Amino acid sequence: MSDTGKPPSAPVTIRDVAERAGVSKSLVSLVLRDAPHVSDSRRAAVLAAIAELGYRPNAHARGLSQTKTHTVGLLVNDLRNPWFVELLEGASATLHAAGYATLLADSRTDQRIGRRSLDALTQQGVDGIIVIGTTSETAAIAKIADDVPIVLAGTLDPDLPSVDIVTNDDEAGAHQVTRHLLDLGHTRIAYLRGPGRISELREQGFLRAMAEAGTASTAVLEAGGMSEESAHAAAGRLLAAPARERVTAIFAFNDASAIGVLSVAHTLGLRVPTDLSVAGYDNSPLAQFQVVSLTSVDTGNFAIGVQAGTLLLERMQHPVQLQRVQRVATSLAVRGSTGTAPA
C-alpha cells in the first residue's frame, strides 16, 4: 500500500492531496488554477502535498478547474425570517446583472439534516459567498475566508481582515426608535436583546437615548433572541408584572421577535398601543401588513444587498487585502403599534 492507503496502481486524486494538506478539495482546485485569493501558507501546504504525493492533474479536469463557475453562494440563517427578502433581491439583482447565477443555502434547514451550508456551497465551486444576517457558521467562514471571497451583509460577525461588511447603523437606528417611544411619553421601556455584536450596538443606542432623557434607571434589558418563539417567552416574563410596575413599551431586536411580543399582549388582553407600545427592527414585509402595523426601523435592506453584491464583484475580480466596512443609514417607519404612554 502507498502512503495514501491506496493500492500502488491507483492514481493519486485531488482528494488525496486535500487530505494530506489538511484543506478542502475546492481549495486544491483554487491552487491548481493559480487563483489569487489563496493565502500563502495554504498555497504552500497544497503545493507540498502535490510534490510529496506526485499528483498529476488530469488535463481535461485541469481545463475545467480553470473555468470560473460564475455562481455566487447566498447563505442565510433561517429563511422563515422575512427580513431577508429585500436584501436577497438587492444582492441577486446586482449579481445577475453582472452575469452571475446565485445558489441559496439555509443554515437552519441544512443543520436539521446534518449538513453544513458552507461546505455545500464550496463543493459547488462558487466563485464567492455573501453571508446574510447572523449566522451559526462563523468558525467555518473563518476557515475559508482567505481562500474564497466573502462579504457579510446585515451582520458584523465574524469580523475577519479579508471579509467585507455591509450593514446598517444599528446604534443610530436603536437610538432613533427609543427616542420615538420617549417622545410618546414612555419611561418604562424594555429592549429585547438578540445575538451578536449587532444586538450590542442596538443596546448601546437604546441605553444612550434612555440616559439622555434622564430615564436610565427605568430602562429594562431582557434576553429575547431573534425569533417569535424566543421573544414570546421573554415578553411573557416582562408583561407578567403588576400593571403599575410593568413596562409600557417594548423595543424588540427584530420584527420577528416583535411579533412574539404582540402575540403575548393579545393573549393577556393588553391593547396595542393603548396599554402597550411595541416596536421592531428591520421594517420587514411582515411589519407592513395592515393587521400587524408594526413600527419598525427601516435598515435599507435592498441597498445593503446591492452594496454587498457590488463589493463581492470587486473582490472576486480584484482581491482586496484590507477589510471594507460600509453602513447604510436607517429611517423609522411609524405605524399603529406605538402610541402615547398610558397614564
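## Helix H5 and its surroundings

Let's start inside the fold: along helix H5, the residues Phe84, Leu87, Leu88, Gly90, Ala91, Ser92, Thr94 and Leu95 are buried. This is a predicted model, so please read every value here as computed from it. What lies over these buried residues of H5? The cover includes strands E1 (71–76), E2 (101–106), E3 (128–132) and E4 (150–153), together with helix H14 (301–317).

H5 itself runs over residues 84–97, which makes 14 residues. From its first C-alpha to its last it reaches 20 Å, close to the 20 Å expected at 1.5 Å a residue. An α-helix has 3.6 residues a turn, so residues three or four places apart point the same way. You can keep that idea in mind while looking for the buried residues Phe84, Leu87, Leu88 and Ala91 among those of H5. After H5 comes glycine 99, which has a positive phi near 90°.

## The whole protein

Now step back for a wider view. The protein has 343 residues, and buried ones make up 49% of them. Its secondary structure comes to 14 helices and twelve strands.

Contacts can also be sorted by how far apart the partners sit in sequence. Among contacts with a separation of 6 or more, 70% join residues that are 24 or more positions apart. As for the outside, the accessible surface comes to about 15300 Å², and carbon and sulfur atoms account for 53% of that.

## The nonpolar core and Phe251

The largest nonpolar core holds 48 residues. Which of them touch the most other members? They are Val17, Val46, Ile129, Ile150 and Phe251.

Phe251 is a good one to look up in the structure. Setting aside neighbours within four places in sequence, phenylalanine 251 is in contact with Ala174, Val177, Thr178, Leu181, Ala190, Tyr191, Leu192, Arg202, Phe206, Ala279, Gly280 and Tyr281.

## Strand E9 and its two partners

Strand E9 covers residues 277–282, and six of its six residues are buried. Strand E8 (residues 249–252) pairs with E9 in the parallel sense, over three bridges. At one place in this pairing, alanine 249 stands opposite serine 277 of E9. Between E8 and E9 the chain passes through helix H12 (residues 255–267), giving a right-handed β-α-β crossover.

E9 also pairs with strand E10 (residues 295–298), again in the parallel sense, and here there are four bridges. Alanine 279 has threonine 295 in E10 as its bridge partner.

## Special spots in the backbone

Some loops deserve a second look. Where are the cis peptide bonds described here? One runs from aspartate 157 to proline 158, with omega near 0°, and proline 158 sits in the loop between E4 and strand E5 (164–168). Another runs from valine 272 to proline 273, with omega near 10°; this proline 273 belongs to the loop between H12 and E9.

Two residues that are not glycines have a positive phi: histidine 70, at about 55°, and asparagine 283, at about 50°. Histidine 70 is in the loop between helix H4 (59–65) and E1, while asparagine 283 is in the loop between E9 and helix H13 (285–288).

Are these two buried or partly exposed? Histidine 70 has 39% relative accessibility, so it counts as partly exposed. Asparagine 283 has 7% relative accessibility and therefore counts as buried, since buried means under 20%.

Notes
Residues numbered from 1 in each chain as written. Predicted model: local features only at pLDDT ≥ 70, side-chain atom pairs only at ≥ 80, totals over all residues. Heavy atoms only, no water. Helix = DSSP H or I, 4+ residues; strand = E, 2+ residues; numbered from the N terminus. Expected span 1.5 Å × (residues − 1). Buried < 20%, exposed > 50% of the residue type's maximum accessible area, 1.4 Å probe, protein only. Contact = heavy atoms within 4.5 Å. Core = buried A, V, L, I, M, F, W, Y, C linked by side-chain atoms within 4.5 Å. Pairing = 2+ DSSP bridges. Right-handed = clockwise from strand over helix to strand, strands pointing away. Areas by Shrake-Rupley, 256 points an atom, 1.4 Å probe, with all protein chains shown as cover.
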